[in-house]
Amino acid sequence: MNIDDLSATIAELDSAAMQQAQQRQEQLTKPQGALGLLETLSIQLAGITQQCPPSVQKPIIVVAAADHGVAEYGVSAYPSSVTAQMVANFLAGGAAVSVLARHVGAELLIIDAGVQTAITSEAANFRSEWLGAGTHNLAIEPAMSLAQAQSALERGMNIAHELADAGHDLIALGEMGIGNTTAAACLTAIYCQQPAAVVTGHGTGVQAEHYQRKIEVVAQAVARVGSNVNGIKPLSEVGGFEIGILAGVIMGAAQRRVPILVDGFITTAAALVAQSLAPTALDYCIAAHSGAEPGHRIALQQLGLRPLLQLDLRLGEGSGAALAIPLVQAACHILREMATFASAQVDTAL
Ligand SMILES: Cc1cc2ncn([C@H]3O[C@H](COP(=O)(O)O)[C@@H](O)[C@H]3O)c2cc1C
Ligand SMILES: O=C(O)c1cccnc1
């Protein structure tokens, strides 16, 4: 993977298919523009898939899990051991995203990107892409080597290509990793040029002096790295293994013209990484929701993505992305199945 050439491997959206979708929206039996964001979404999906009407029939939620050395500084309300325990919960079908994946009829793929003690599982929906026993503490040293950052991106891209080969026509992103809102806050501070206090939220619920400490840790990490940093450096300095893999999934999916549903604060930080390496990849992204973390909103603005839902979620796992899958499918159904003014013999505007 030559990161300088990545953009060249991602095509622009198909403007002819988008124009066709736009024209069809104008003929459907509703006031012009009345289906709001669903109309915009249907046009984007046509451009992504080069199909009018587009369709989404085999969605998959990809949850990447990894640990974070910075958790040793007490930046999370929970211990790192929860990461592996939640992976077991995902595989057993008892986590929020497990329930929501079933609810919306999506497959769920769980990836060990670098949980402290590597996970072994024979489950068909488990995949090991283990990059290390969690990252180093990003407050004081690079979270990972440049080689690990590169490998994370490549693994993510390969995963996306395999999913596209298997016929998946929508990839929703999710993550699990105690401490990863700290990594996401650092990435957001760097890419959005915002102070630590503005992009740092409460994550799993850190309060009072622990929250102040978290802000200081983000400030310390950003000061350590400096503001003049680009390429894969931000990922290696303050990222996470799951974030790197998810950024790779975004770029790989864009290469294959597969739409991507971005979830919460952490997957949005992964989208910031992808944007900096391959700006055109963002054309293939859909923001599922805007959640409670202040940095999430800021990152979405930087990405130019308008979220579909606002539910005050602050869970991650892909929970918000899962909930948005039926909306993406609804946008496709509308374009495909609604009657036109002509076919239904409905009078057009005065
Ligand atoms: C039981 C449990 C389930 C979760 N599912 C997602 N997260 C979320 O919380 C973590 C990030 O927050 P922080 O940076 O404060 O650690 C991530 O694992 C994220 O996916 C969870 C957290 C917990 C405790
Ligand atoms: O916004 C998120 O996705 C989020 C917020 C808090 C904890 N974990 C994830």
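## Helix H4, Glu317 and two ligand shells

In helix H4 (residues 96-104), the buried residues are Val97, Ser98, Leu100 and Ala101; buried means that 20 or more other C-beta atoms, placed from the backbone, lie within 10 Å of a residue's own. Keep in mind that this is a predicted model, where local features need pLDDT of at least 70, side-chain atom pairs count only at pLDDT 80 or more, and totals for chains, interfaces and linings use all residues. Residues are numbered from 1 along each chain as its sequence is written, while chains are lettered from A and ligands numbered from 1 in the order in which they are written.

**Around H4**
- Strand E1 (59-66) and helix H13 (319-337) are among the elements covering the buried residues of H4; helices (H or I, at least four residues) and strands (E, at least two) are DSSP runs, numbered from the N terminus.
- Gly105, just after H4, has a positive phi of about 70°.

**Glu317**
- UniProt lists Glu317 under "active site" in an unreviewed entry, and such annotations may be inferred rather than shown by experiment.
- Glu317 sits in the loop between helix H12 (294-303) and H13.
- Glu317 counts as buried because it has 28 C-beta neighbours inside 10 Å.
- Not counting residues up to four places away in sequence, Glu317 touches Val63, Ala95, Ala96, Val97, Gly174 and Met176 (contact: C-beta atoms, placed from the backbone, within 7 Å).

**Ligand 1**
- Of the 18 residues around ligand 1 (C-beta atom, placed from the backbone, within 6 Å), Ser76, Thr181, Gly203, Thr204 and Gly316 come nearest.
- Helix H6 (180-192) gives the most to this shell, with three residues.

**Ligand 2**
- The residues around ligand 2 include Thr181, Glu293, His296 and Arg314.

Definitions and conventions
Buried ≥ 20, exposed ≤ 12 C-beta atoms within 10 Å, placed from the backbone. Contact = placed C-beta atoms within 7 Å.
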